[in-house]
Amino acid sequence: MGHHPVEDSNKSQNPGFDAIVSARLSRRTLLKGSASAATLGVVSALGLSACGSDSSSSGTTPSGDTGTVTPESLGFDAVPTSLEDRVIVPQGYRADVLFAKGDPIEADVSEYLNNGTDVDFDRRSGDEHDGMWFFGISDDGRYDPDRSDRGILCINHENLEDATLHENGVTSAADNGGSRPLIEVDREMNGHGVSCIEVRKVDGHWEVVRNSQYNRRVTIFTEMDVKGPAAGSDLLRTKSSPEGLKRWGTMNNCAHGYTPWGTYIAAEENWYAYFTRTDDTANRTDAENALASRYAIGLNRGVIGPGWNYREWNTASSNDVYARFDVTATSGSPLDDYRNEANLHGFATEIDPFRPAQKPRVRTAFGRFSHEGVWAAPAEEGKPLVFYSGDDSRGEYVYKYVSNASWDPADAELGLAAGDKYLDDGKLYVAVFSEDGTGEWKELSYGVNGLDENNPLYPFRNQGDVMVATRLAADHVGATKMDRPEWAAVHPINREVYLTLTNGNQSNRPAEETDPANPRAVNSNGHIIRWKEGSKDNTATTFEWDIFLFGSGADSDTDYNLSGLTVDNQFSSPDGLYIDHRGVIWIQTDDGALTDVTNNQMLVAIPGSVRDGERKTVMTTDDDGVTATVESWIGQSATDVELKRFFVGPRGCEITGIFLTPDAKTLFVNVQHPGEGGDADQFNTDVSTWPAASRDATEVGAAGSRPRSATVVITREDGGEIAV
């Protein structure tokens with residue numbers, strides 16, 4: 001998204017994912033195209049024969065012990081690429097807009113006017129629909145994970161389309177006597193957060209139950225309890241929360257998570273950009289300055305100054321809930337200012353959709369960074385619970401949380417109290433990807449791996465410090481830098497983990513520095529990695545990895561189009577990722593590279609497993625014209641995994657957020673920020689006017705209609721299972 005600069009604060013010397021293979025061929029050997037003995041050593045370490053593995057036919061069922069059977073093939077024809085301002089789905093499918101920006105969630109709230117005059121966003125859908133999950137409701141009002149026709153849909157509202165939100169666009173502080181208009185700021189702060197809405201299927205069609213007791217908006221004004229190792233920490237004590245046990249609201253929630261007991265997890269991604277900070281380094285300790293710098297607090301492209309603070313909310317009022325966005329240290333005490341306010345953000349937040357009166361709980365044990373999401377491995381009775389997270393910034397890391405308590409299904413009735421048991425007490429790990437195709441999870445615990453008061457990067461005094469300064473802890477243990485780790489997904493059958501790297505390495509890499517893990521010198525289209533944990537146990541501290549798919553245009557040569565993408569499945573910048581309960585994988589894009597070919601899209605495939613690919617000799621040329629070859633192992637080709645395009649969105653949008661109901665007959669998908677990139681003075685209608693008033697997602701909106709983010713519900717016209 002183009003709402004703010006991309007955060008890039010990792011100045012550590014830790015190796016990047018593009019330099020993890022030590023069996024690097026010399027440039028001279030590469031140019032000759034010959035494989036060295038070291039290369040063969042890598043092949044052996046990967047457990048693959050040097051002559052290449054046989055490509056298995058599409059639909060091979062992954063091994064596992066869940067009893068679930070993966071479909072053998074996909075039962076639809078790939079939809080074509082599209083530049084139209086509407087949704088495209090396969091023939092025989094229906095796509096309807098279920099819940100759009102501004103839609104009321106209470107029966108007595110008026111219909112959204114979509115002209116910038118509505119003010120009650122605490123009772124309407126927020127903006128920019130993103131991560132999402134569906135929680136089935138039993139007839140007696142309990143969480144029912146097998147229910148498919150009635151449930152609570154929880155939806156993140158990541159950010160705002162400012163041009164469409166206000167009547168005449170955004171009023172800056174400079175244009176309003178030094179302060180933003182309070183009416184605009186309230187609208188914006190309520191436009192963020194999460195919507196929890198009851199939805200049900202009636203006579204074959206889905207609807208929002210506007211008078212439901214479960215309907216709720218969580219916004220930036222919502223009071224929350226801080227829990228876990230950092231609760232009450234000196235680093236969280238601030239003028240707005242003197243005891244460090246309270247936080248106001250949640251913002252920039254990108255992807256999501258869910259728990260076995262039926263609660264929702266909202267993850268804060270680019271939260272850092274909401275704060276401003278003047279040059280206050282003299283009023284901060286060395287440790288405070290190190291922490292603020294590592295999280296880009298008040299950094300404006302690397303320089304301490306006014307900061308990004310692109311909302312200017314702190315100018316609207318002197319009340320704590322607004323003023324806290326200025327985190328300038330003004331004195332020697334953090335209780336006299338808001339310097340620690342930013343330390344309260346960057347965590348994951350647990351929300352109980354079945355108990356709307358309960359305050360959400362900030363789970364600090366997951367660590368603090370730009371959380372893309374929090375994804376659970378399948379829960380097993382008697383074993384710890386495991387959750388994966390990516391830090392979506394350049395050169396950041398991949399994390400895993402393992403609970404200390406072992407899962408007891410009887411706790412499924414406890415709601416947030418179960419979160420107190422499983423999510424506040426556990427171990428956080430960060431991934432180190434090794435040169436031989438293996439990896440290790442490094443523990444981030446106080447007193448372990450040098451995380452103590454004598455640490456050269458940060459003086460960790462306790463586990464709370466480790467959870468607030470998580471990035472610095474990960475720097476110290478040598479975590480592997482990744483290129484913007486986005487969504488992850490855990491395969492429900494073989495328990496392998498998939499992770500999108502949206503744009504790969506966005507800068508040019510010299511050809512001689514390519515390696516089996518990153519064989520493309522220029523990788524503007526991104527790729528998807530995956531790994532299997534030791535002994536197929538998600539609590540293991542070792543793993544093996546490979547590359548599942550590479551993004552590419554279909555017309556790229558085979559040295560770049562390594563997965564063999566065609567016009568039916570070419571894609572770029574994979575972002576959203578989901579593996580449904582059948583083992584079918586869904587890939588959503590947030591692309592800026594193939595936009596002359598297609599709007600953003602969603603593809604579907606039947607994946608294989610780690611190490612199912614073949615050995616390929618890859619020739620690559622960098623921006624300086626230097627050419628090299630390298631032997632690389634990648635996953636099966638796009639044909640073998642039967643990758644197909646299922647959905648294309650309207651102009652200017654991102655496709656993100658997805659859930660398939662347990663009966664596999666309803667698919668919920670989010671269309672975020674249609675119309676982005678247009679002329680703000682025209683409220684982006686010069687790019688998109690979607691959706692149409694008819695709520696048929698495949699229709700074009702009326703001329704002049706301001707575009708709206710929305711949740712789309714997809715069904716088959718014959719009532720059958722989706723995609724097969």
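In helix H9, the buried residues (under 20% relative accessible area with a 1.4 Å probe, protein chains only) are Thr470, Arg471, Leu472, Ala473, Ala474, Asp475 and Val477. That makes seven of the eight residues in the 470-477 stretch, so H9 is largely enclosed by the rest of the structure. This is a predicted model, in which local features need pLDDT of at least 70 and side-chain atom pairs count only at pLDDT 80 or more, while totals for chains, interfaces and linings use all residues. Residues are numbered from 1 along each chain as its sequence is written, and side-chain values use heavy atoms, with hydrogens and water left out.

Helices (H or I, at least four residues) and strands (E, at least two) are DSSP runs numbered from the N terminus. The cover over the buried part of H9 includes helix H5 (286-294), strands E17 (394-396), E18 (398-406), E19 (426-433) and E20 (438-443), and helix H8 (463-468). After H9 comes Gly478, with a positive phi near 85 degrees.

Ala255 sits in strand E9 (residues 253-258) and is buried, at a relative accessible area of 0%. Setting aside neighbours within four places in sequence, its contacts (heavy atoms within 4.5 Å) include Asp130, Gly131, Asn156, Glu372, Trp375 and Trp487. His157 is 98 residues away from Ala255 in sequence, yet 9.7 Å away in space, C-alpha to C-alpha.

Then there is an open four-stranded sheet, ordered E26-E27-E28-E31 with antiparallel pairing; two strands pair if DSSP finds at least two bridges between them. E26 (574-579) and E31 (644-648) are the edge strands, each pairing on one side only. Within the sheet, four bridges join E27 (residues 585-589) to E28 (residues 601-605), and Ile587 stands opposite Leu603 in E28.

Key
Buried means under 20% relative accessible area, exposed over 50%, partly exposed in between (1.4 Å probe, protein chains only).
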